[in-house]
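Here are my notes for you, as promised. Please have the model open while you go through the points.

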Amino acid sequence: MIRSVLAALLFVVAATPFASAQYDTIPRPTDRPVIIQQQPLDESYQRQQELPWNARPFKDKLRYGLNITTPSLSFFGGNSYFSFDISPMAGIRVTPSTTAGIGATYSYFSQPVFTNQGSVRLKASLLGGRLFVQQHLNFLQNTIPGLFLWGEAEQFQILSYKLAGVKQGRGQYNTGFLVGGGYGVPAGEPGFQITLLYQVNYDDINVYSSSGSPLVIRFGYWFK
């Protein structure tokens with residue numbers, strides 16, 4: 001009887017390491033490799049980014065936006081001067097950093113005019129057009145991204161012209177030329193921009209400026 005019990009104990013002791021080794025070969029949940037499936041990139045987008053600039057689709061180079069000239073409001077001995085204009089614009093990126101385009105502008109101004117009989121009010125509505133070029137300074141992208149130069153030519157036709165409430169004859173202003181620069185979103189991206197321009201051939205009779213001076217400040221937004 002004692003021999004049988006001793007034999008059974010020896011068998012158990014001898015089998016335990018083998019059973020433990022077999023158990024260690026079974027992968028535990030924490031030891032199993034974690035497989036992460038990576039979503040494939042959009043092949044059409046990837047191909048488009050790899051295309052040289054001249055080979056990209058025309059529609060991807062188009063831009064459109066809106067400019068608003070800051071309203072001018074000043075007072076002269078109780079008389080006020082006010083002006084405002086709004087200009088939708090559309091352009092094409094002829095290079096990755098250069099946009100050329102056109103814009104249509106509606107402008108309104110009201111100002112005092114001093115005559116022998118005293119001060120009377122002059123009010124006018126104008127419709128104009130402009131050609132512009134915007135050049136981003138990409139070499140400053142790592143320090144001050146979004147800086148650009150701006151140049152344009154604009155001309156206005158008088159829609160309505162009233163002096164002391166009396167309609168006057170229609171006319172046309174001479175072409176104005178503006179140069180300057182500003183700060184905004186990088187080329188080709190949607191977002192805001194601010195532009196400071198100087199009208200190089202400004203005069204208060206033959207060349208119209210919506211600000212009433214050679215300095216013009218605009219706030220704009222590119223939707224594309």
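1. A good place to start is F156 and Y208: both residues are buried (under 20% relative accessible area, with over 50% called exposed and anything in between partly exposed, using a 1.4 Å probe and protein chains only). Please keep in mind that this is a predicted model, where local features need pLDDT of at least 70, side-chain atom pairs count only at pLDDT 80 or more, and totals for chains, interfaces and linings use all residues. Residues are numbered from 1 along each chain as its sequence is written, and side-chain values use heavy atoms, leaving out hydrogens and water.

2. The rings of F156 and Y208 meet edge-to-face, at 5.0 Å centre to centre and with 75° between the planes. Rings of Phe, Tyr and Trp (its six-membered ring) pair if their centres lie within 6.5 Å; planes under 30 degrees apart are stacked, over 60 edge-to-face, and the rest tilted. This pair joins distant parts of the chain, 52 residues apart: F156 belongs to strand β5 (residues 147-163), while Y208 sits in the loop between β8 (191-199) and β9 (215-222).

3. There are nine aromatic pairs in the structure. Y64, F192, Y221 and F223 come together as one aromatic cluster.

4. Both F156 and Y208 also belong to the largest nonpolar core, whose nine residues include Y81, F109, L122 and I158. Such a core is a set of buried Ala, Val, Leu, Ile, Met, Phe, Trp, Tyr and Cys residues joined through side-chain atoms within 4.5 Å. Strands β4 (118-136) and β5 are the elements that give two or more residues to this core, and β4 has the largest share, with three. Apart from this core lies another, of eight residues, among them L178, L197, V216 and W222.

5. Do have a look at W222 from above: R63 lies over the face of its ring, 4.1 Å from the ring centre. The criterion is NZ of Lys or CZ of Arg within 6 Å of the ring centre and within 35 degrees of the ring normal.

6. Finally, the overall picture: the protein has two helices and nine strands (DSSP runs numbered from the N terminus; helices are H or I with at least four residues, strands E with at least two). Along the sequence, the pattern reads α-α-β-β-β-β-β-β-β-β-β. Of the 224 residues, 28% count as buried.
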